[in-house]
Structure formats: C-alpha cells, structure tokens
Amino acid sequence: ACPCMFENGPDNCALAAVYHLDKAAVGGVDVSGLSMISIDGAVDAHKGAACCPSKNAKTNSQVGVVYLDARATPAQRSALLALLQAHGAGRPVKSVPIRFAKTARGYKTTVPGLFEGETEGVKSRNGSAILVDGVGFVEGPRWTVGRSLINDLHDPALGLKWHLPDTNGSWSLFHWAS
C-alpha cells in the first residue's frame, strides 16, 4: 500500500489520482458521469524511476498535470477544477478523452496516447478485500488495498513519463457533501 496512507506525506512517489463521478453536482452544476485525473510526479533522471519531491526535499514544488474529461462543458470544467483545488493548483490543465470502467476486480482508466492505468484489489488469505480505515484523505477514510496492473504515463509535451506496474493501486469509494 502507498506510504502516504501510513505516514505524513509523499516520499518519492508518482501518482495518478483518478476521480470518476458517478453522480455529482458542484455548485448546482451536474458533473455526473465525468472523470478527471491529477498527475503528480516527474521522472528522476538519476534513477530512471518516477518520483515527486521527497517530504525531506528542499522544495515543495511538484511537477504534474490535470486531465479533465473532454466531454465537460465550460461550467462543468470549472466545477471539476474546484473539486481538485487541493491537488491541481497551479498545474497545467488539459481537456482529454478519459475512458473509465469498472472491471471484474477493480478499475481501468485510459487517456488515449497519454495514460493507461488498471488496478485490482488485493485479497486477504480468506479471499476478502483488504481495507484500510482511518487514512485521513479528503477522498475518504476507508481505502481498498490494490495494486496496479498497468500504470503508464507518457506526456511528451510536459516531459512526464513513467511505467510503473505492480505499484500501489488502491481506491476509495466516497461521498462528498457540501
């Protein structure tokens, strides 16, 4: 599972936070059925791995991008960005076609030519889902522990690239209310 679940912050991680809104409205704007992705991290040229600044780094800046569902209207786009204010502030924003689907054991997200991610739940010895409570993320306090089957990013325009299968792929089903 991701160290962020158990410690105080990211330490050399690359993160594609995918949000799919089954049923939602923000400030009276219906955003049901739309998706968005907050990409955090960059490639560490010395190690060839994706990373973002360590919690011990001298800078708090992070490299990233926000991908918004291309189907969003201008009003929906503004509403989606309002939801991501904590994750996406100051990052470039791109409208892209996002395909999101539930799979038999997890979820799959594709942005053609830029990102592909697929997760599956990790099962306990008795075959049940492993859940972590009390995580403290705004996205929800209870997370299903998962792993990524696919975690590939290639955005040459921003110099972002990683290939990280078999890494954290956990998720949370949550309800936000204002």
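**Notebook: salt bridges**

I looked up D155 first and found it buried, because its relative accessibility is 1%, under the 20% limit. The model is a predicted one.

I then checked what the D155 side chain meets. It forms a salt bridge with K94, at 2.8 Å from N to O. I noted that this pair links distant parts of the chain: D155 belongs to strand β14 (residues 146-155) and K94 to strand β8 (residues 93-96), 61 residues apart. K94, at 22% relative accessibility, I entered as partly exposed.

I asked how many salt bridges the structure holds. The count is 7.

Next entry: R105 and E120. Their closest N and O atoms are 2.0 Å apart, and I logged the pair as a salt bridge. R105 sits in the loop between β9 (99-102) and β10 (106-111), while E120 is in strand β11 (residues 115-121), so the contact ties together parts 15 residues apart in sequence. Are the two residues buried or exposed? R105 is exposed, with a relative accessible area of 53%, whereas E120 is buried at 7%.

I turned to D166 and R147. This is a salt bridge too, with the closest N and O atoms 2.5 Å apart. I placed D166 in the segment after β15 (160-163) and R147 in strand β14, with the two positions 19 residues apart in the numbering sense of being 19 residues apart. D166 counts as exposed at 57% relative accessibility; R147 is partly exposed, its relative accessible area being 31%.

Last, I looked at shared partners. Salt bridges that share partners join R105, E120, R147 and D166 into one network.

Methods. Residues are numbered from 1 along each chain as its sequence is written. This is a predicted model: local features need pLDDT of at least 70, side-chain atom pairs count only at pLDDT 80 or more; totals for chains, interfaces and linings use all residues. Side-chain values use heavy atoms; hydrogens and water are left out. A salt bridge is a side-chain nitrogen of Lys or Arg within 4 Å of a carboxyl oxygen of Asp or Glu. Helices (H or I, at least four residues) and strands (E, at least two) are DSSP runs, numbered from the N terminus. Buried means under 20% relative accessible area, exposed over 50%, partly exposed in between (1.4 Å probe, protein chains only).
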